[in-house]
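This report describes the chain contacts, the overall form of one chain and one helix pairing in the structure shown below.

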Amino acid sequence: MVKLIFIILAGIGVIAALMVVSLKNVVHSAFCLIITLFCVGCIFVLLHAEFLAATQILIYVGAIMVLVIFALMLIDSRETANDRRFHHQSQWVIIVGVILALEIVIFIIPKSKFIVNPEKMIAQTAEAGGNTQLLARYLFTDYLFAFEFASLIILVAVVAAVFLGKRLSPTGKRE
Amino acid sequence: MLLSGLSSYIPVLVFMAISGAIGFLMLLIGRLWRPSHPYKEKLSPYECGIEPEGDAWERVIPRYYVYAMLFLAFDVEALFLFPWAIVFDKIGWFAFIEMVLFIIVLLIGLVYAWAKGALDWRY
Amino acid sequence: MQYNFVVLLGDIKQISAEMVIILTIVVIMLMDILAPRGDKTLLAYISLGGTLLAALVCCTWNGVEQSIFSGALVVDRFAFFFKLMLFTITALTQLMSINYVKLRNINRGEFHALVLFATLGMLIMVSGADLLSIYLGLELNAIACCVLVAFLRQNVKSNEAALKYFVLSLFSSGILLYGISLVYGVTGEINIYKIARYLSGQQNVSHPMLHLGLVLLVVGFGFKVAYVPFHMWVPDVYEGAPISVAAFLSLGPKAAGFAVLVRIVMVAVFTLKVEWSILFSLLAVVTMTLGNLTALCQENIRRLLAYSGIAHVGYMLMGLVAAANYPQLGITSVIFYLLCYVFFNIGPFGIIILLCNKHKICEFIGDFDGLSVRSPLSAFVMTIFLLSLAGIPPMVGFVAKFLIFMAAMKAELYWLVAIGIINSAIAMFYYLRIVVAMYVRAPKPGLKINASPSLTIALAIMVGFTLLMGIYPALFIGFARYSIATLL
């Protein structure tokens with residue numbers, strides 16, 4: 001059952017992702033991207049990663065997509081609609097990419113085993129009061145440094161956005 | 001089995017299905033019922049008579065982008081509040097101070113953006 | 001693990017140098033807001049002061065090695081060595097920037113804050129003990145550097161360079177994250193020391209997924225360190241970025257990237273040394289050969305320095321290959337190379353700043369024609385840097401290269417040494433070409449020296465250390481050896 005749901009979600013996600021790169025209209029591409037991101041969020045739910053799923057919906061489907069749409073509004077979509085979608089090297093890229101992907105699927109994955117045992121981990125997290133609970137406890141104790149440091153990354157992103165987004169007046173001086 | 005915890009998501013699915021169906025039905029019923037006599041004036045964006053200039057899909061100023069970027073930054077901040085709220089009663093003051101530090105750093109960012117005029121709407 | 005305020009305060013005390021940097025950033029940003037129209041030169045001095053204070057605080061480290069923040073960071077001699085190096089790089093960049101930013105009309109508070117942000121990211125990278133903190137440090141550094149590259153906002157080249165840098169650093173961090181996730185999937189750990197412990201306990205570490213993870217990590221850091229298939233951004237960024245930022249980028253991320261690479265390959269996956277030594281030896285050959293051959297046909301000195309920097313990374317990778325069999329010797333040679341590289345590679349950028357004025361940047365080899373007549377001293381200083389870069393015997397560049405070749409000889413990598421020596425000979429040509437231009441050609445009109453006290457101090461420090469390290473390398477080699485003693 002879970003496998004079936006996964007295959008449906010993953011299928012929709014992959015098809016939408018292919019449409020993102022192949023559609024002529026960039027706005028349609030953006031909406032396909034929303035579908036892809038949403039499917040990934042649903043797959044996180046299937047994996048019992050509820051917090052990650054919420055992150056995916058809130059940050060990616062919410063904020064990042066707003067950003068993407070605004071970015072599309074900066075460009076003239078009528079001009080880009082007539083551009084060639086792919087570079088002339090695309091067939092080589094596809095060949096090499098398919099070979100690499102097959103290599104991973106045929107040679108690497110069958111010979112590998114992740115030491116993480118999903119069923120055992122789900123049982124453990126359920127015992128500790130759920131995934132989010134456990135994640136939060138780690139985040140605010142063992143991974144405290146990473147958490148606090150993330151605030152600095154957000155700060156530098158704010159500085160970058162404000163600085164680079166500032167309008168230059170016609171004389172080149174900043175307002 | 002892996003599916004065990006997922007049954008609680010069935011209401012979410014039902015909710016999504018119903019809301020989707022309502023939207024679809026409203027459009028469908030409207031399409032079936034409404035009379036359809038399109039003519040040129042009726043189809044123009046402003047029926048009051050102003051001729052629209054150019055396409056609606058115009059290039060906009062980058063200022064929108066800065067807003068979206070700021071929204072994203074503070075959205076990430078808000079996201080961290082959820083796990084914090086869950087474990088606050090277990091970790092207590094320690095978590096509180098961590099969060100205060102986190103928010104102070106972001107407040108500096110907000111003050112900075114404010115003082116630099118990134119929040120004013122000027123052309 | 002129970003975490004409480006006492007432990008936390010103890011940990012914060014261990015990163016007091018980083019805290020000084022953070023506080024300086026906050027002070028700069030607040031002062032920038034409070035005096036929006038004023039002259040920002042004061043902020044430049046504050047940021048320089050903050051760097052020096054942080055370096056001083058860093059020096060008060062009592063030598064006790066420990067991991068802090070539940071293993072997120074580690075304070076050890078290796079990190080100490082690199083932190084001092086990064087403070088030196090930052091201080092030199094700031095000294096070179098003080099006058100240059102005024103000249104190019106980019107004297108803004110953000111510039112000084114972002115240089116410190118970039119430094120902070122690198123400080124975390126070099127002392128990161130788990131892949132998560134290393135990634136966060138890298139990301140902070142990448143965002144800050146990207147804005148610094150784009151700082152000349154009217155300049156098309158600066159914008160183009162920033163876009164390239166941004167897109168490639170995004171891709172590289174994506175690849176890096178994928179690699180980290182595979183390594184985590186196989187070993188179940190993200191802490192470097194725990195990964196090492198897990199792998200040493202395994203019977204068969206030859207795990208294809210782990211190999212793939214390692215390759216992806218090497219690719220991800222490849223963009224920072226700039227070895228060959230991942231070097232594309234370097235020439236454009238050096239050409240487009242403000243010169244002092246290019247000088248900063250030519251060393252800071254490279255040094256931090258090497259520190260992380262050394263920590264990962266020597267500690268975390270040392271059990272896979274056969275695999276990664278083959279990988280790095282191939283990268284080394286391609287990197288130095290391509291770097292040197294492309295540098296031969298460059299007319300723009302900034303692009304030339306970019307390709308020569310790529311070639312130097314190739315030599316350093318050779319030391320890393322040798323470290324698979326002789327860890328002490330190999331790593332000592334690599335980090336000694338990086339240390340002296342700080343002085344003689346930032347130097348030429350300083351000379352370019354010295355020659356530029358409001359309207360013109362002297363960045364072509366032709367612009368250096370007859371510099372010895374116009375300004376004998378600056379021509380002499382440039383010659384010292386170039387001879388060091390070329391690795392001509394009395395200079396420190398020779399000692400550094402000699403150490404690397406010696407380590408490679410000892411590891412019986414004769415073919416690699418042969419290629420390295422041929423490459424050094426090729427490199428001699430394009431460095432000497434600039435020397436010939438300065439001393440033999442007739443002077444060009446309009447060449448003027450635009451010296452400022454801060455730039456003069458920076459150049460004096462760099463020349464002083466280049467000469468000092470050439471005359472008395474044993475002191476610095478000893479320091480390098482001391483700093484890796486506990487790592488391996």
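How many residues does the contact take from chain C and from chain B? Six residues come from chain C and five residues from chain B. The structure is a predicted model, and the values below are computed from it.

**Contacts between chains**

On the side of chain C that touches chain B, helix H2 (residues 16-34) of chain C gives the largest share, three residues. By class, this side of chain C has five nonpolar residues, one polar residue and no charged residue.

The contact of chain B with chain A takes 42 residues from chain B and 43 residues from chain A. On the side of chain B that touches chain A, the elements giving two or more residues are helix H3 (63-91) and helix H4 (93-115) of chain B. H3(B) supplies the largest share of that side, 20 residues. The residues of this side divide into 32 nonpolar, two polar and eight charged.

The table sets out the composition of three sets of contact residues by class.

| Set of residues | Nonpolar | Polar | Charged |
|---|---|---|---|
| Side of chain C that touches chain B | five residues | one residue | no residues |
| Side of chain B that touches chain A | 32 residues | two residues | eight residues |
| Contact of H2(A) with H3(A) | 19 residues | two residues | one residue |

**Overall form of chain B**

Chain B contains four helices and zero strands, and its pattern along the sequence is α-α-α-α. The radius of gyration of chain B is 25 Å, whereas a compact globule of 123 residues would have one near 14 Å. Along the principal axes, the C-alpha atoms of chain B fill a box of roughly 70 × 55 × 20 Å. Of the 123 residues in chain B, 18% are buried.

**A helix pair in chain A**

In chain A, helix H2 (residues 26-46) and helix H3 (residues 50-74) have axes that come within 8 Å and cross at roughly 170°. Because angles over 145 degrees count as roughly antiparallel, H2(A) is therefore roughly antiparallel to H3(A).

Which residues of the two helices meet? From H2(A), the participants include Val26(A), Ala30(A), Leu33(A), Leu37(A), Gly41(A) and Phe44(A). From H3(A), they include Glu50(A), Ala53(A), Gln56(A), Tyr60(A), Met65(A) and Leu72(A). The residues of this contact of H2(A) with H3(A) comprise 19 nonpolar, two polar and one charged.

Key:
Residues are numbered from 1 along each chain as its sequence is written. Chains are lettered from A and ligands numbered from 1 in the order in which they are written. This is a predicted model: local features need pLDDT of at least 70, side-chain atom pairs count only at pLDDT 80 or more; totals for chains, interfaces and linings use all residues. Axes are lines fitted to C-alpha atoms, for helices over the stretch in contact, and angles run from 0 to 180 degrees between N-to-C directions. Angles under 35 degrees count as roughly parallel, over 145 as roughly antiparallel, 65 to 115 as roughly perpendicular and the rest as oblique. Two residues are in contact if their C-beta atoms, placed from the backbone, lie within 7 Å. Ala, Val, Leu, Ile, Met, Phe, Trp, Tyr, Cys and Pro count as nonpolar, Asp, Glu, Lys and Arg as charged, and the others, Gly among them, as polar. The radius of gyration is taken over C-alpha atoms; the globule rule is 2.2 Å times the number of residues to the power 0.38. A residue is buried if 20 or more other C-beta atoms lie within 10 Å of its own, exposed if 12 or fewer, and partly exposed in between; C-beta atoms are placed from the backbone.
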